[in-house]
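Subject: A structure for you to look at

Hello,

Here is the structure I promised to pass on. Please open it first, and then read my notes below alongside it.

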Amino acid sequence: MRHAMFFYGMLLDPEQASMSTSDLVGPARIEGRTLALGTYADAPACREGTVHGAVWNVSDRMLERLDDIEGEGTLYHRVRDVAILADGSPVQCQLYEMTSRTREYTEDRPPTDHYVKMIRRGYEQFDLPISALEEALSQ
């Protein structure tokens with residue numbers, strides 16, 4: 001089975017997640033969420049906002065691996081949403097959102113320069129608006 005997954009943080013970085021068994025759907029955005037950067041990236045729901053990223057179709061095995069990387073159920077949990085691809089078409093997907101406990105622990109701690117570089121590489125790889133990343137860093 002394949003799962004549409006939306007990545008917006010370190011998983012965007014081509015050097016971090018080996019996606020060789022996955023299929024890129026394309027760059028995308030999710031409305032009604034925002035990019036929040038503390039120690040780690042988060043995409044919490046909000047009234048107005050957009051989080052940019054990319055959608056991949058991943059296998060069951062890759063999803064298990066990603067769940068391990070993201071600490072699914074402990075640090076993050078998978079939630080469903082609708083991403084809008086560059087051509088305007090919607091795609092049902094899942095993304096990782098921080099648990100409230102993780103958010104409380106990490107929100108006042110800035111990301112490391114190394115972590116920001118990983119996200120920036122992903123933004124550059126998928127031609128996403130760097131201004132959105134810079135705005136999140138300034139918050």
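In which helix is the place of Asp 67? Asp 67 sits in helix H1, which covers residues 60-70. Before going further, please keep in mind that this is a predicted model. Is Asp 67 buried or exposed? Its relative accessibility is 15%, and the cut-off for buried is under 20%, so Asp 67 counts as buried. Leaving aside residues up to four places away in sequence, Asp 67 touches Glu 72, Arg 78 and Tyr 96.

The whole protein

Let me step back to the overall picture. The protein has four helices and seven strands. Starting at the N terminus, the order of the elements is β-β-β-β-β-α-β-β-α-α-α. The radius of gyration is 14 Å, close to the 14 Å that the globule rule gives for 139 residues, so the protein is as compact as a globular protein of that length. Along the principal axes, the C-alpha atoms fill a box of roughly 40 × 30 × 30 Å.

Of the 139 residues, 47% are buried. If you look at contacts with a separation of 6 or more, 68% of them are between residues 24 or more positions apart. The protein exposes about 7600 Å², and 47% of that comes from carbon and sulfur atoms. As for charges, there are 14 positive and 23 negative ones, and their mean positions lie 3 Å apart.

The strands

A good place to start here is strand S1, residues 2-7, where five of the six residues are buried. Six bridges join S1 to S5, and these two strands run antiparallel. S1 is also joined to strand S7 (residues 90-98), by two bridges, and this pair runs parallel. Met 5 is a handy residue to click on: its bridge partner in S5 is Trp 56, and its bridge partner in S7 is Gln 94.

Next comes strand S2, residues 23-33. How many bridges join S2 to S5? There are nine, and S2 runs antiparallel to S5, which spans residues 45-59. Within this pair, Ile 30 has Val 51 as its bridge partner in S5. S2 is joined to strand S6 (residues 76-85) as well, through two bridges, again antiparallel. There, the bridge partner of Arg 29 is Ile 84.

Two loops

Two loop residues are also worth a look. Thr 39 lies in the loop between strand S3 (36-37) and strand S4 (41-42). Its relative accessibility is 21%, so Thr 39 counts as partly exposed. Which residues does Thr 39 touch, not counting those up to four places away in sequence? They are Thr 106, Arg 109, Pro 110, Pro 111 and Tyr 115. The C-alpha atoms of Thr 39 and Glu 107 are separated by 6.8 Å, with the two positions 68 residues apart along the chain.

The other one is Asp 127, in the loop between helix H3 (113-125) and helix H4 (130-138). With a relative accessible area of 70%, Asp 127 is exposed. Although it is not a glycine, Asp 127 has a positive phi of about 55°. Most residues other than glycine have a negative phi.

Enjoy exploring, and write back with any questions.

Best wishes

Conventions: Residues numbered from 1 in each chain as written. Predicted model: local features only at pLDDT ≥ 70, side-chain atom pairs only at ≥ 80, totals over all residues. Heavy atoms only, no water. Pairing = 2+ DSSP bridges. Rg over C-alpha atoms; globule rule 2.2 N^0.38 Å. Buried < 20%, exposed > 50% of the residue type's maximum accessible area, 1.4 Å probe, protein only. Contact = heavy atoms within 4.5 Å. Areas by Shrake-Rupley, 256 points an atom, 1.4 Å probe, with all protein chains shown as cover. Lys, Arg positive; Asp, Glu negative; His and termini not counted. Charge placed at Lys NZ, Arg CZ, Asp CG, Glu CD.
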